[in-house]
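Hi there,

Here is the structure I promised to pass on. Have a look at it first, and then read on for what turned up when I went through it.

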There are 4 protein chains.
Amino acid sequence: MSATAVFPCDVTPASAPVPQALHDRYCAVRAESLARAAPLSVEDQGVQSMPDASPTKWHLAHSTWFFEALVLLPHLGGYRCFDERLLPLFNSYYETLGSRHPRPQRGLLTRPALAEVMAYRAHVDAAMLALLARPLPAELADLVVLGLHHEQQHQELVLTDILHAFACNPLAPAYRPPAGPVDTGLAGRAEWLAHPGGQVEIGHAGPGFAFDNEGPRHAVLLQPFAIADRLVRCADFADFVADGGYRQPLLWLSDGWALVQGQGWQAPAYWRRSADDPDGRSVDGWQVFGLDGLRPLDPGAAVQQLSFHEACAYAQWAGARLPTEFEWEAACGGPGLPAVPGRPDLPGPPTLAGLQEAFGVAWQWTRSAYDPYPRYRAAAGALGEYNGKFMVGQLVLRGSSLATPPGHARATYRNFFPPAARWQFSGLRLAKDLP
Amino acid sequence: MSATAVFPCDVTPASAPVPQALHDRYCAVRAESLARAAPLSVEDQGVQSMPDASPTKWHLAHSTWFFEALVLLPHLGGYRCFDERLLPLFNSYYETLGSRHPRPQRGLLTRPALAEVMAYRAHVDAAMLALLARPLPAELADLVVLGLHHEQQHQELVLTDILHAFACNPLAPAYRPPAGPVDTGLAGRAEWLAHPGGQVEIGHAGPGFAFDNEGPRHAVLLQPFAIADRLVRCADFADFVADGGYRQPLLWLSDGWALVQGQGWQAPAYWRRSADDPDGRSVDGWQVFGLDGLRPLDPGAAVQQLSFHEACAYAQWAGARLPTEFEWEAACGGPGLPAVPGRPDLPGPPTLAGLQEAFGVAWQWTRSAYDPYPRYRAAAGALGEYNGKFMVGQLVLRGSSLATPPGHARATYRNFFPPAARWQFSGLRLAKDLP
Amino acid sequence: MSATAVFPCDVTPASAPVPQALHDRYCAVRAESLARAAPLSVEDQGVQSMPDASPTKWHLAHSTWFFEALVLLPHLGGYRCFDERLLPLFNSYYETLGSRHPRPQRGLLTRPALAEVMAYRAHVDAAMLALLARPLPAELADLVVLGLHHEQQHQELVLTDILHAFACNPLAPAYRPPAGPVDTGLAGRAEWLAHPGGQVEIGHAGPGFAFDNEGPRHAVLLQPFAIADRLVRCADFADFVADGGYRQPLLWLSDGWALVQGQGWQAPAYWRRSADDPDGRSVDGWQVFGLDGLRPLDPGAAVQQLSFHEACAYAQWAGARLPTEFEWEAACGGPGLPAVPGRPDLPGPPTLAGLQEAFGVAWQWTRSAYDPYPRYRAAAGALGEYNGKFMVGQLVLRGSSLATPPGHARATYRNFFPPAARWQFSGLRLAKDLP
Amino acid sequence: MSATAVFPCDVTPASAPVPQALHDRYCAVRAESLARAAPLSVEDQGVQSMPDASPTKWHLAHSTWFFEALVLLPHLGGYRCFDERLLPLFNSYYETLGSRHPRPQRGLLTRPALAEVMAYRAHVDAAMLALLARPLPAELADLVVLGLHHEQQHQELVLTDILHAFACNPLAPAYRPPAGPVDTGLAGRAEWLAHPGGQVEIGHAGPGFAFDNEGPRHAVLLQPFAIADRLVRCADFADFVADGGYRQPLLWLSDGWALVQGQGWQAPAYWRRSADDPDGRSVDGWQVFGLDGLRPLDPGAAVQQLSFHEACAYAQWAGARLPTEFEWEAACGGPGLPAVPGRPDLPGPPTLAGLQEAFGVAWQWTRSAYDPYPRYRAAAGALGEYNGKFMVGQLVLRGSSLATPPGHARATYRNFFPPAARWQFSGLRLAKDLP
C-alpha cells in the first residue's frame, strides 16, 4: 500500500507535516471527538435510531479502530492489540479487513461499555503518540493524516446521528443550550451572482490533504450560469410548504414523489407543527428541531435536513435549479484560497464576489450524481474501499455545515448521500442558466 | 371499575391481604425488580434488541407507570404526577389510557435517563406506601395486588429480553457468573405418568390471586392420557437435531416449516456450534447461550428458548405430542396445593405422583390455542385490555421458568406467546394418548 | 396407505359407494368444475390477484393432479402420465409428493395453456373412468371420494378467488348476471334460540364421508347458551360501521386493531362507498361487490367477506360473542340428519328449532381455534398433509356458503382460515351465554 | 404545449414528415406492435411477472392510449373516446393526465379483454388515420412522431417483459423458434480502439427526431481513451463467473455486493446451470434462456440481461472500466451518420474505425448517471413528464439491442435503467484510459 495509491490526486510526499505538527494535530482532533460526546449521557452514546445512523460510542470506537487496524497493526512493530474481539465490531465496511458486525445492530452493543471504549481510545492514543514521536516515512504520515480526516467525518456524524435519535424522542432533548434568541434577522432576498462559464479546472491540486475522490484534477466546460449568493432560508421553504409544494407531483422527480406519498412527507423532517398555527400557513406555524432542541422556526436560518428530492422540488417551484457540483466549485473559486480572518479552518473567500455561506452553515445538494472523475481509480487494498465503492446511487453535496469540524472543509470536497437522506445538515443554494 | 370486573374468577373480596402484609409484599416485589436490574450496566438497561423485547429501563418504568396510572392518579387524592410527559412513553398497550410511544422505538428513549426512572420509581413508591399505610377498600387492595403480579411478569421479561440482547452481541456477555459446573447429571429417560381422564375442573377457584384469563373455573372432559414426568433435555433435543429434525418437512406444521426455511433455523435459537464438533453430530457439537453466558451444552438441562413449532416438531419426531393445557393442569393437580418444603413460592406437589419440573425450570408449550374459557368476559375499561385482547394467534404455555419470580407461579396460570416466539424460557414436556 | 389411516374417524369400509354411483358422482363433480369456469374468459382463468388466491386454471389442473398423483400413478397399472413436467406445477403443498412451484407465482404460468389443462383433465378423466368401471377395493374407492370432495373445495375457491381478482379491477366485472332485484326483504331482528348445554357428542360418526379433521367423535361439555336464528345482515353491519366500529380500538382484538390501522380497514373488503351518501351514514351509502357485480347494499343479505377480526368486533359491539364450534355443531344437531326436501345436498333440519341459514349462505366464523380433536392423528404419507399441518394460527368456520357445491356441506365440517382472511364467503352468527 | 417545448433539442419544425410518409410510418409502427404480440397466446399477453414489467396487452393498450390522450382528445374535434373508463387503466405515469391504476396490478386487468384492446387499437387507428389524412400543423405532426417513438419503446418492452415472464416458468417456453445452431463462432479477443479525447460535441442536433433528454447539444471535454471494438461475450463472462467473480466483494460497488448477497446472485439472471457441468467451471456448464428458449451457452454471443452492477464488476475484474456515455457517443461518431447498407433503420458506421455491435445486439451500460444535460429543461405539461422526472438513481445505456425496432436507434439515444435492473437486453463494452 503506497501513499500514491492512497492519494492519487497529486499529493506531494514532501507535504507531510513535520512530526510536532502532526502530533499536535492528532491530539487536537482526538480531543474534538471527546468534546462532541461530552454533552451526551452514557445512554445517549449507545443509541442507534436507524440503520443508517450509528451510536456515538461506535463512532468513537470506529475512528480508533481505523488507527489500530490501518496504522498500528501493520506499521508499529510490537504493537499489542487492545482486544482482538473488537476488530470486527468496529470495522465499518472494509471487506479487506475481515468480517463486520451487521450495521443495523450497532446499537445492540452494550458491551464493550463506553468506559471500555474510552480505554480503547487511550490505548491506541498512547501507541499513536509513541509512533508520532519518531520521524515517519511520508506514506505513513499521510496515512495518519487520512485517519484524522476520517475521524473528523465521524465527528460530524456524531451530531447528525444523535440529532436523529433525539428527534425520535417525544421529550425532544437538546444537545446543547440555545445559543441565543431565535431570530437571526437574516431573512431577505438572495442575489444572483453571474459566472461566465468556459473551461474550468475541477478537483484537488496539492499541496495539502484531499480524499481520493476529489481528483484527478481535470478540466470541465461550463456554460454561463448564475448562482444564489446565499442558502435558501426557512422562510423561503415555509412559503413552498404553504403553497402546497408537498402536494404537487409535477414539482418532484418521480422517485421523490413516491417518497412524499409513501412516507407521508409534508415538511422537512425536523419541522413540527406548532400550536400557534396548526395549519402551517405561516412561518409561525412551525417549530424546528435542532441541536438546541425544539424552537420556533427562524425565518432567516438556512433550511436543513433536506433530502435531495426536497431540494430539487423547491428549486423547481422557485423557477430555478440546483447547481452542478462543477458550477459550485467554480463559483467557490477552487483550491488554494486564502484563509478567512479568525477562522483558519475555513477555505478563503470565493472567486465569485458576494458568495456567502459556502462553508459552515449547511451542505448544499448539487444536481450531480456521485460519479468518478475521469481517470479516477480506487487504490488497491482497504483504502480503495474508502470512497470508490459508493459511486452509484448517490448525489454530491458541496461546502460544509455547522457540524463540520474546523479544518475539515475544502472547496473541492465531495460529500455524498442517497437522494432520500434527510438527517444531515443539508440544505440548498439555487442556480439558473444565463444566456 | 369494580373488583368483580377485574377478577371475574370468583375472588372472594375477603381475601384481600391485611395492610401490613400488602405493604411488605409491595416492598419485596419492587425490590426484586431492582435486584434483577442490578447486574446490568446503564447501557445494558437501555437496549432493545427487537420490537418484541423491551429495555430493562422501560420495564422498570412501565411497571411503575401501572401503579401511577391505575392506582395513584384515579384513587389517591392529591397525588402529584411525577411527569405527565412520561405517561405515553410508558403505557404499553392500554388504548383506554391514552396514546402510546411506538413499541419498536422503546430503545430510542435515552431520555428520561435511568436515574430519572429510578427517581420515578421512588416518587411512586413513596405515594404507594402512603396509600398502603391506611385501610384500603378491598377492590383497591386487589388492584395493588394485580399491579404486583404485573410487575412480576415484567421481572421475567427483564431476563428474557436482556438475554436476547446479549445473544445478539458477539462478545456473548453473561448476565451472571456460572452457578457451577455444566453437567447437571440429569440425563436419562423420562417416564410416562398415566392419567385416567374423565371430567376435571379447570381454572382458578379462590381464594388467592389469579389473572382473569384463568377463569371462570369450569369442567372439561379428558380422555386417558400419559404425560412425561420431566421436561425434554438438551441431550434429547440434540438427538433430534442430529437426526435431521430441522430438515424433514413432515415433522413440522406448515407455518413452522415455512419459518425453518425462511429464517434458516437449524437448532434452538441460543445454540451455537462449537469448534469441537462443528457438524453438531453429538452433544459435544454445541454450546448454549444463557444467563451465565456461552457454555458447553449440558445434556441433562431442559431445552429452552424453543418456539412452539420446534416443540411440536420434536414431539412428532419422538412419536408423541404436546399435552393440552387441560391435561397439563389435570396432571399438575390444579389449585389449592400444599407448599413445597422450603420453597413457599412454588405450588405444591402435583396430584400425579412423580411429576417433576412443573415449575421453576421452563415454561411448557401446550397444544392449546389461547382461547377464552367459557363465559370469560373481559372487564370494562383498562383492565379489560390486560389479557382478553390477545386471545387469538397465540398458544398457551404452562408451569413457570427459572426466570419466574417467587410467588408468581400457579397451576392454573396461562402464559401465552405466538408460535414463532423463541426468546422465552420455554421448553416442552411430552404427552401421548392412552387407550 | 390404508383407508383407516386416511379416514381415522370411523368410516365404515362397507360404506364405499357402488361402482355405478361413484362413476356418476365422479362425472357430476368434474362437470361442476367446468361449469363454474364457463362464465370466465381465458384471461380471467389465468389471473392470480394475491398469493393466497389461485387462478381458475390452476384449480382445474390441481384437482386433476390430485387424481393423477394419488390415484392413477400409484394404483392404475400402466397409466401413462400426461406430462411429468406438470407434476410440480400443480402440486399444492404436499411435501411427500415432490417439489412445488412457488405459490405466489401460480399466475405466471401462462403455459401450459388453458387448452392444455383441458386436455389434461380429459386424459385423467378417461383413465379414471376406466378405473371406475371395475370393482374397486374399498380403500381405493374411498380415495376417489376424497378426491371428489377435494375438487369440491376447489370449486368454492374458484369463486372466491376470481371474485377477489374482479374486486381489484376498477371495471368491476360481474361473474354472472344479477339474479333479481337487490332487496331480499329479509331485514328484521334475529331471534335467540336457547340451548341447555350439557354433554354433547362432537365430530363425525359414519357412515358417509368426512375429512379426517372432523374426528374422532368425542364428548364435549357445554354450558347453557343462546344462538341467533340467522346470520348478521348487511343492515346490521352498516349500523356498526356508521357507529364508528372501525374506529374504536376497544371493540377489537389487539391483532385486529393493528390490521384496521395498518391496512386502513373502514368497512368490509368488498363494500364501496356510493355517491348517494359518501359518508356511509346509512345503508344507502354503500355498494357491495359480489358475483353479480357492484350493486346497492341489500339490507337483508348476510354480510360476507368478513375477517374473523371484523366478525369478533361486530359481536363485541353488539353485546354478544361468536359461538364456539362446539356450540355451533350442537345447535345444528350434528350428523345423521334427514335431508332437506328437494335439496338432497344439504344437511337436514337442525335440532334447535328455528335455526336458519346454517348452510348455503355464508360460512360462519366461530370463536374456536383450529386445534386437533382429542386423539386426532394425521395419517402417514401425503394424505396426512391434507389437514393436520395447518392446525395452528387458524380459526374454524362452520356451515357452508352460497359458493359451496351441492353435496359438500356437513354439520361436522370444519373449514378454517387465518383470522385476517377476508376474501371468503364468510359471515357470522351471534351467540351469548345463558345463566 | 408547443413543439419547441416538446423537442428542446433544435428540431427544425420544417422537418415534419410529409403527410403520406407519416401515414405510412404510423401504419408500419402500429403493425410492428401486433407482429410482436402475434407469437403470444391470449394468456401470455395478460401476464405481469413483476412490478417493473407489464403485460403485452397493457403495452398494446398504453401505446394506443398515448395517441388518444395526447393527440386525439385534445386535437381532433369531435373525437369520441373509446371508453373513458380505460383512461386511468392505461395511463402509465402522467400525473398531468389524471389518476392511474397501480403499476404492480396491471396483470390483474383480465378485463378489458385482449379482444377489446384490439378494438381499442382499431378505434384509435381509424381516428388517427383520419387525422393524418389532412395537413397537420408541424407541432401536431411532431407529436404523432413522438407517439410512434413511444410505441417503439414499448415494442422493446414487450419482448423484455414476456421474456422475464417466461424465465419464471419452469417449462421455459420459447418466444420464437431457434434461428439456427447455437455456436455463432464469434468468440475471440476484443481489440482496443483508441480515441484521442479532446472537445467533442454531445447530443442530438437536427434534423430528425430525438427525445428531449438527448439535448441540448453541448461540448464536453474528453481525455484520451480506448474502447473495445465489440461487446463482452458469454465466454468472457463465464470466465468471470468461474473465477469467483460473484464471490469477491472487492470487485463490486457496495450496493452491488449487497445485491449479490441479498439476492443470491451467482451468474447472469437468465443463465441456468446445465447437467453437463453443474459446477459451472466451463462454458459447458451453462444454459442461457432467451427468446428462443433455453439453449446451451453460445460462447460468442454477447452477454445480456446484465445489471449495471454485474457489468461494473466484470470490468473491474477485467482490469478495465465502463465507458462514459460521452466516450461511447464520441466513439460512435455522433449523429448524421450514413445508413448501413440494407439496414436503413440502423445508424451508420461509426467514426472510430472498427467499432462493431454499437447497435442491434445489446444495450451497453455506461459509467454515467442519468443526469440532465446542461440547460435541459423539461417541457411544461404531460410531455415534460416523459423523461425528465426519472433523472436520478438511473444509469445511462447506449446503443440498441436485438429487440429494438427498426428505425428507433440513434447514436445520441439515452436509454436508462436503475443499476439493479437485469431483465433488459443489456450487456457491456469495455473501455480504458490512455496516457
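In this predicted model, the residue of chain D that comes closest to the axis relating it to chain A is G393(D), with its C-alpha at 2.6 Å from that rotation axis. The rotation itself is 180°, with 0.0 Å of shift along the axis, and it superposes chain D on chain A with an RMSD of 0.0 Å. The two copies are thus related as by a two-fold rotation axis.

How many residues does each chain bring to the contact between D and A? Chain D gives 39 residues and chain A gives 39 residues. Of the interface residues of chain D, 100% are also interface residues in chain A, so the copies meet through the same surface. Together, chain D and chain A bury about 2900 Å², and 53% of that area lies on carbon and sulfur atoms.

There are polar links across this interface as well. Between chain D and chain A there are 14 residue pairs in polar contact, counting pairs with both residues at pLDDT 80 or more. Two salt bridges cross from chain D to chain A. D371(D) forms a salt bridge with R367(A), and the closest N and O atoms of that pair are 3.8 Å apart.

Now for the other pairing, chain D with chain C. A turn of 180° and a shift of 0.1 Å along the axis lay chain D on chain C, with an RMSD of 0.0 Å. Which residue of chain D comes closest to this rotation axis? That is E43(D), whose C-alpha is 2.8 Å from the axis.

The contact here takes 28 residues of chain D and 28 residues of chain C. Once again the surface is shared: 100% of the interface residues of chain D are also interface residues in chain C, so the copies meet through the same surface. The area buried between chain D and chain C is about 2300 Å², 58% of it on carbon and sulfur atoms. Three residues stand out on the chain D side: E43(D), R111(D) and L171(D) supply 33% of the area that chain D buries against chain C, more than any other three residues. You will recognise E43(D) as the residue of chain D that comes closest to the axis.

R111 is worth a look for its salt bridges too. R111(D) pairs with D44(C), the closest N and O atoms being 2.5 Å apart. In the other direction, R111(C) forms a salt bridge with D44(D), also with 2.5 Å between the closest N and O atoms. In total, four salt bridges are found across the interface of chain D and chain C. By class, the side of chain D that touches chain C has 15 nonpolar, eight polar and five charged residues. The polar contacts between chain D and chain C come to 10 residue pairs, both residues being at pLDDT 80 or more.

Over all chains, the search finds 80 salt bridges. Two in chain B make good examples. D83(B) forms a salt bridge with R85(B), with the closest N and O atoms 3.3 Å apart. D83(B) has a relative accessibility of 21%, so this residue counts as partly exposed. The side chains of D292(B) and R295(B) also meet in a salt bridge, at 3.4 Å from N to O. Are these two partners buried or partly exposed? D292(B) is partly exposed because its relative accessible area is 21%, whereas R295(B) is buried, with a relative accessible area of 18%. The cut-off for buried is under 20%, so the two partners fall on opposite sides of it.

Finally, the cysteines. How many disulfides are there over all chains? The count is zero. C234(D), for one, is in no disulfide, and the nearest cysteine sulfur, that of C312(D), is 19 Å away. C234(D) is buried, at 5% relative accessible area. C332(A) counts as buried too, with 0% relative accessibility.

Best wishes

Conventions
Residues numbered from 1 in each chain as written. Chains lettered and ligands numbered in written order. Predicted model: local features only at pLDDT ≥ 70, side-chain atom pairs only at ≥ 80, totals over all residues. Heavy atoms only, no water. Least-squares fit on C-alpha atoms with pLDDT ≥ 70 in both. Contact = heavy atoms within 4.5 Å. Buried area = accessible area lost by both parts, 1.4 Å probe. Polar contact = N/O pair within 3.5 Å; in protein donor to acceptor, adjacent residues only side chain to side chain. Nonpolar A, V, L, I, M, F, W, Y, C, P; charged D, E, K, R; others polar. Disulfide = S-S within 2.5 Å. Buried < 20%, exposed > 50% of the residue type's maximum accessible area, 1.4 Å probe, protein only.
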